[in-house]
Amino acid sequence: MSRVAYVNGLYVPHADAAVHVEDRGYQFADGVYEVCEVRGGRMVDERRHMERLQRSLRELRIAMPMPPAALGVVLREAIRRNRVREGIVYIQVTRGVARRDHYFPSPDTLPSIVVTARATDQAKAAASVESGAAVITVPDNRWDRVDIKTVGLLPNVLAKQAAKEAGAREAWFVRDGVVTEGGSTNAWIVTQAGAIVTRPAESGILRGITRTVLFEVANRLGLTVEERGFTLDEALAAREAFISSASNVVVPIVSIDGKTVGDGKPGPVARSLRDSFYDVAEFARK
Ligand code: PDD
């Protein structure tokens, strides 16, 4: 089946989809993105992802490339044309194409928008939930606006590649001894007392949509959530650990830097949060 991408107003064969060499996303990472899960052909938490996209754009003073309702149509069309049932839809908006110059281009420069959609490997995802995954830790050397979902992901790329080369799934960034988040996920532990702990999202991390929904899931399940930083030592002494993101929902973490977490198996809290996730997440209309 041939894939299709949406690029600046046109649906084009994925293999030919391109932006200009002087796109500011390409030259300066001057742009933002969103990844939204697709389940049963419907977007999960579209509303929250669109709100966060608009916030990221506002923070960088990039205009929304089209009204939100029109973007909703494009997202659905990309999902439909690529026949995605279980997968992700990716949206990227940059400050547009202009002669390379650090200053913002003239105000009449149109933002660039790209939308792609693809299926994800469900069997692989299920396997990692069953077995649990490993993380390594790396120093958090990112800028202090990681609350904005920018395409400037070089520290994340290097961290995740280091994880892969160490046989791990994810890298946890650590700043001043405290775990901030993963290269593309939020980080959580479950203490020996049974409290779920994750770092506050006011600064220092991306406020994950999955994270926000999981607070509500935990609440419904009667579980205690403590929104505070946790140290690496605390994580190593935890009963459970897990990561969250739109593309993987909840994945249990069974080792950190080669040291076993809890009994080295996926724990019941991570499992129950995952199992109840779609009871709380919002499914968009098709
Ligand atoms: N990653 N932290 C970072 C640094 C992320 O890149 C992501 C998302 C998250 C989780 O956010 P959410 O629950 O809204 O997906 C946390 C996406 C999936 C990605 O880059 O592919």
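**View 1. Salt bridges between helix 2 and the loop that follows strand 7.** The side chains of Glu 59 and Arg 145 form a salt bridge, with N and O 2.9 Å apart; a salt bridge here is a side-chain nitrogen of Lys or Arg within 4 Å of a carboxyl oxygen of Asp or Glu. Glu 59 belongs to helix 2 and Arg 145 to the loop between strand 7 and helix 5, so this pair links distant parts of the chain, 86 residues apart. Helices (H or I, at least four residues) and strands (E, at least two) are DSSP runs, numbered from the N terminus. Glu 59 has a relative accessibility of 37% and counts as partly exposed, as does Arg 145 at 28%. On this scale buried means under 20% relative accessible area, exposed over 50%, and partly exposed in between (1.4 Å probe, protein chains only). Salt bridges with shared partners join Arg 55, Glu 59, Arg 145 and Asp 147 into one network.

The model is predicted: local features need pLDDT of at least 70, side-chain atom pairs count only at pLDDT 80 or more, and totals for chains, interfaces and linings use all residues. Residues are numbered from 1 along each chain as its sequence is written, and side-chain values use heavy atoms, with hydrogens and water left out.

**View 2. The salt bridge of Asp 147 and Arg 55.** The closest N and O atoms of this pair are 2.9 Å apart. Asp 147 lies in the loop between strand 7 (133-139) and helix 5, and Arg 55 lies in helix 2, so the pair ties together parts that are 92 residues apart in sequence. Asp 147 is buried, at 10% relative accessible area, while Arg 55 is partly exposed, at 31%. For the model as a whole, the count comes to 22 salt bridges.

**View 3. Asp 45 and its partner Arg 48.** Asp 45 is found in the loop between strand 4 (42-43) and helix 2. Its side chain meets that of Arg 48 in a salt bridge of 2.9 Å, N to O. Asp 45 is buried, with a relative accessible area of 2%, whereas Arg 48 is partly exposed, at 22%. The phi of Asp 45 is near 60°, a positive value in a residue other than glycine. Most residues other than glycine have a negative phi.

**View 4. The surroundings of the ligand.** The ligand is surrounded by 20 residues, and the closest are Tyr 33, Glu 181, Ile 209, Thr 210 and Ala 246; a residue belongs to this shell if one of its heavy atoms lies within 4 Å of the ligand. By class the shell has 5 nonpolar, 12 polar and 3 charged residues. Here Ala, Val, Leu, Ile, Met, Phe, Trp, Tyr, Cys and Pro count as nonpolar, Asp, Glu, Lys and Arg as charged, and the others, Gly among them, as polar. A polar side-chain atom of Arg 52 lies 2.9 Å from an oxygen atom of the ligand. Backbone N or O atoms also approach: one of Ser 184 lies 3.1 Å from a ligand nitrogen, and one of Ile 209 lies 2.8 Å from a ligand oxygen. Taken alone the ligand exposes 470 Å², of which the protein buries 90%; accessible areas come from the Shrake-Rupley method with a 1.4 Å probe, and for residues only the protein chains shown count as cover. Elements giving two or more residues to the shell are strand 3 (31-39), helix 2 (46-60), strand 9 (178-182), helix 6 (209-220) and strand 14 (240-245).

**View 5. The two ends of helix 4.** Asp 121 caps the N-terminal end of helix 4 (residues 122-131), with a side-chain oxygen 3.1 Å from the backbone nitrogen of Ala 123. Gly 132 follows the helix and has a positive phi, near 80°.

**View 6. A nonpolar surface patch with Val 157.** Leu 154, Val 157 and Leu 158 form this patch, with about 310 Å² of accessible area together. Patches are made of residues with over 30% relative accessible area and no salt bridge; like charges are joined within 9 Å, and nonpolar side chains (Val, Leu, Ile, Met, Phe, Trp, Tyr) within 5 Å. Val 157 is found in helix 5 (residues 154-165) and is partly exposed, at 48% relative accessible area.

Notes
A polar contact is a pair of N or O atoms within 3.5 Å; within protein, one must be able to donate a hydrogen and the other to accept it, and residues adjacent in sequence count only if both atoms are side-chain atoms.
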